[in-house]
Amino acid sequence: MKDKNISEINNKWICPNCGQVNNDAFCSKCGHKKPLEAVNPMNELQNLVENNMINDNSGRKIDTEISNKINPLEELQNLVKEPILKTNISKRNSSTINESGSILKYIIIGVILVLGVFLGIYFFSNKTANDISSNTSNNGIISNEEKDIPSVNSDLSLGGVELGYSIEQMHKVLGKETSIDEKDSYKFYNYSDIQVGIKNGKVDALVSNSSAVATKRGIHQGSSLKDVFDKYGDNYNKMDYDDLILYEYTFATDNNKNGILRFAISKSNNQVNYISVRIPEEDLNTKSITTTDNSTSNVTNANEAAQALNNYYAAINKHDMRAAYNILSDDMQTHMGSLNDYADGYKTTLSDSISNVQVTSNSGDEIALSYTLTARDGYNGNSIKEQTFACTALLSKKTGNWHIVDMSAKKQGERIMSR
């Protein structure tokens, strides 16, 4: 059996026509007849190997080529192994693709979960912000109840309340007051953050008690003087008083009255100490003076005397004490003392306002007036003492200009307010 196999191998030949390896006399593929000297593939391969070998002295064959010379046997082996290697690579890539697909799937799931968490946080934050916003007014007053706070249209406002509001409108914004004080024609509604003065059923004055209330433009206690200037500009009246400088801005009300927005600035830190909004007493004129003498000359004299009295208190409010002192007659100046002594008496004055001016006598060049004086003074650092006086004044024009020749005042009451 062994000899037969060797014989078959030795009889193999390569068809020169188609390259087919054959055992018989004719090519099994193309029918070509075996040539007399046919090439045996195994002999050819053996010859290739033997051509690269020489015998050494011991008869052993030695490879004469360099180490990187291609060995046909190795090359053939590589050719046989290559398809298997490629198959393995293909399978490995397929596994990698499957693994990559799994990883991608988990990444997508993770991204979806993260987005879900962020969306949940976003909607929860918005809901919380809306809940807080619904309990906060446009001016910083926070309530436990939701309130429909109307937007303010006027700069004559504080804490969402405008001058001229009714008591009902005030309650709608501020809620129930903590206490009420009554004085003459005023009712003062007290809150923890603001005090509201009501006259004839309407808001006539507002004073801040804390930084929780703000003006229409967002200024509150603690704001800087620069903030005030940035929001309201430099068209103001300025009064220097003790440790405060009072900056007042004038705005028109709906019924064409002049209202005052005041910022009391602490000299120590240039910050707002308190804010007040009020309608000052009207300029004294024929409509605000009661007289029984209707002659043209006497009405004119009464108006001039009343205007001189008004100028006197306006100078005090501006802390222009020299101008106020000069409206006094010589005898009154002697009675009051020197200018410095006179000015010292008004160191704590924040404002003086007069109302209910009436002419009690009119002789042409001498006019007697009665009026109500409301004086506000600083008290114990952060408080205001408001005092009311029933006053009389006698003015004379005998020297050519109207001067105050006599004054008297009777105290009617007082109250202490927070700034």
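This is a short talk on one predicted protein model, going from the whole chain to a few single residues.

Some ground rules come before the content. Residues are numbered from 1 along each chain as its sequence is written, and side-chain values use heavy atoms, with hydrogens and water left out. Because the model is predicted, local features need pLDDT of at least 70 and side-chain atom pairs count only at pLDDT 80 or more, while totals for chains, interfaces and linings use all residues.

Let me start with the whole chain. The protein chain has 9 helices and 18 strands. Both are DSSP runs numbered from the N terminus: helices are H or I with at least four residues, and strands are E with at least two. There are 419 residues in the chain, and 34% of them are buried. Buried means under 20% relative accessible area, exposed means over 50%, and partly exposed is in between, using a 1.4 Å probe and protein chains only. Now contacts, meaning heavy atoms within 4.5 Å. Among contacts between residues at least 6 apart in sequence, 45% join residues at least 24 apart.

Next, strand 10, residues 202-208. How many of its 7 residues are buried? The count is 6, so this strand is mostly covered by the definition I just gave. Two strands pair if DSSP finds at least two bridges between them. Strand 10 pairs with strand 9, residues 194-199, in the antiparallel sense over 6 bridges. Across that pairing, Lys 199 stands opposite Lys 202. The hairpin of strand 9 and strand 10 has 2 residues between the strands, and Asn 200 there takes a positive phi near 55 degrees. Strand 10 also runs antiparallel to strand 14, residues 272-278, and 3 bridges join them. There, Leu 206 stands opposite Val 277 in strand 14.

On to the nonpolar cores. In soluble globular proteins, nonpolar side chains tend to be buried together. A nonpolar core here is a set of buried Ala, Val, Leu, Ile, Met, Phe, Trp, Tyr and Cys residues joined through side-chain atoms within 4.5 Å. Which members of the largest core touch the most other members? They are Tyr 312, Tyr 342 and Tyr 371, out of 32 residues. Two or more residues each come from helix 6, helix 7, helix 9 (339-344), strand 15, strand 16 (366-379) and strand 17 (383-396). Helix 6 gives the largest share, 9 residues. A second, separate core has 31 residues, including Tyr 247, Tyr 249, Leu 261 and Val 272.

Tyr 371 deserves another look. Leaving out residues up to four places away in sequence, Tyr 371 touches a list of residues that includes Leu 309, Tyr 313, Phe 389 and Met 407. Asn 356 is also among the residues that Tyr 371 touches. Asn 356 lies in strand 15, residues 349-362, and has a positive phi of about 50 degrees although it is not a glycine. Is Asn 356 buried or exposed? Its relative accessible area is 56%, so Asn 356 is exposed.

Compare that with Asn 317, in helix 6. Asn 317 counts as buried because its relative accessibility is 16%. Not counting residues up to four places away, Asn 317 touches Met 239, Ser 351 and Asp 352. In the loop between helix 6 (296-317) and helix 7 (321-327) lies His 319, another residue other than glycine with a positive phi, near 55 degrees.

Last, the empty space. The search runs on a 1 Å grid over the protein atoms alone: a cavity is a set of points where a 1.4 Å probe fits but cannot get out, a pocket is an open set with protein on both sides within 12 Å along at least five of seven lines, and lining residues have an atom within 4 Å of a point. Grid points are joined across faces, edges and corners, and a volume is the space filled by probe spheres set on the points.

The second largest pocket has a volume of about 330 Å³. Of its 19 lining residues, the closest to the centre are Tyr 313, Tyr 346, Leu 373, Met 407 and Ala 409. Strand 16 gives the most to this lining, with 4 residues.

The whole structure has 3 cavities of 30 Å³ or more. The second largest holds about 50 Å³, and its lining includes Ser 351, which Asn 317 touches. Strand 14 supplies the largest share of that lining, 3 residues.
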